[in-house]
Amino acid sequence: MKKGVLRPGHIQLRVLNMAQALEHYINLLGLIETDRDEQGRVYLKAWTEVEKFSVVLVEADEPGMDFMAYKVIDEATLECLEADLLAYGCTVRRMPAGDLKGCGRRVQFDLPSGHVFELYADKDYTGKWGVSDFNPEAWPRGLKGMRAVRFDHCLLYGGELQATYDLLVDVLGFYLAEQVVDDQGTRIAQFMSLATKAHDVAFIQHAEPGRLHHVSFYLETWDDVLRAADLISMTNSSLDIGPTRHGLTHGKTVYFFDPSGNRNEVFAGGDYNYPDHKPQTWSADELGKAIFYHDRALNERFLTVLT
């Protein structure tokens, strides 16, 4: 049942060296810097995104994700969902307006998987970068690198997948788009959506809570994915795997690492869903094909390197 949660809004990533991180996220990935704050955080967005930022970088001693945020439809919805989270038994932290520059108040809470999510209703509306809202051109000139279109989703590793599923579905209105089950029928991977995308977040069962596998950005075409792979090689960036195709979601993809070790993905295409669709199911013995459709095998780095 729809609860008024619209889409992924932003992610805060920890990086070890800000200058190196900005070289990666701006000049390679193609995000646009929109602001900085007194804490040293840098705010970035992809060119089609209409809000002020979707990625916040903060310098820290270890890489990883601090939190992932979702936009809700209005303040009344935020108040209702805050009450629902409290009633569900979640510990809620109220983050004041302006704590993130240009963002209204946020409702932050912990998932059973060990990750921190937050909800917000208001953020500065800046429009698409380099393109007018009136008689807009097809795309702006001056885009860099891979020309990322939008921040799309994260894949997160942690425990308590069923409890995490229940919270996302019952309180926030997600639905299950795709899953992997073991030979006992237990779900070990879940791909959750809010609207028509293949997924807005995904989780894989893991003994250690609160880990980030990758943060993903959307590109328009398979040719853009191939071009992204060329740029990874041209810049001697750390390639993980690809370009290839997923079995899960059927997206065309390439994985690589930022200088701090956070895994990035850029992808194009993929399935669409509606909430009345039944979830697609893969068996664990076909996990290699589910993740990398062509090779039908997983490399050890893809399974074990997390931040």
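**Close-ups of a predicted model**

**View 1. Helix 1 and its two ends.** In helix 1 (residues 18-28), the buried residues are M18, A21, L22, H24, Y25, I26 and L28; buried means under 20% relative accessible area, exposed over 50% and partly exposed in between, with a 1.4 Å probe and protein chains only. Helices here are DSSP runs of H or I with at least four residues, strands are E runs of at least two, and both are numbered from the N terminus. An α-helix has 3.6 residues a turn, so residues three or four places apart point the same way. N17 caps the N-terminal end, with a side-chain oxygen 3.1 Å from the backbone nitrogen of A19. Just after the helix comes G30, with a positive phi of about 95 degrees.

This is a predicted model, so local features need pLDDT of at least 70 and side-chain atom pairs count only at pLDDT 80 or more, while totals for chains, interfaces and linings use all residues. Residues are numbered from 1 along each chain as its sequence is written, and side-chain values use heavy atoms, leaving out hydrogens and water.

**View 2. The open sheet.** Here 9 strands line up in the order 14-15-16-13-9-12-11-10-17, with mixed pairing; two strands pair if DSSP finds at least two bridges between them. Strand 14 and strand 17 (280-283) sit at the edges with a single partner strand each, so one side of each has no neighbour in the sheet. From one strand to the next, the twist averages 15 degrees.

**View 3. Helices on the sheet.** Strand 9 (residues 150-158) and strand 12 (residues 201-205) run parallel, joined by 4 bridges, and L156 stands opposite F203 in strand 12. Helix 3 (residues 161-170) packs on the sheet, touching strands 9, 10, 11 and 12, and its direction makes about 15 degrees with that of strand 11. Axes are lines fitted to C-alpha atoms, for helices over the stretch in contact, and angles run from 0 to 180 degrees between N-to-C directions. Helix 4 (residues 222-234) lies across strands 14, 15 and 16, at about 15 degrees to strand 15.

**View 4. D240 in strand 14.** D240 belongs to strand 14 (residues 238-245) and is buried, at 4% relative accessible area. Leaving aside neighbours within four places in sequence, D240 has contacts (heavy atoms within 4.5 Å) that include Y255, N299 and R301.

**View 5. Two cysteines apart.** The whole structure has 0 disulfides, meaning cysteine sulfur pairs within 2.5 Å. The C103 sulfur is 16 Å from the closest cysteine sulfur, in C154, too far for a bond.

How values were computed
Polar contact = N/O pair within 3.5 Å; in protein donor to acceptor, adjacent residues only side chain to side chain.
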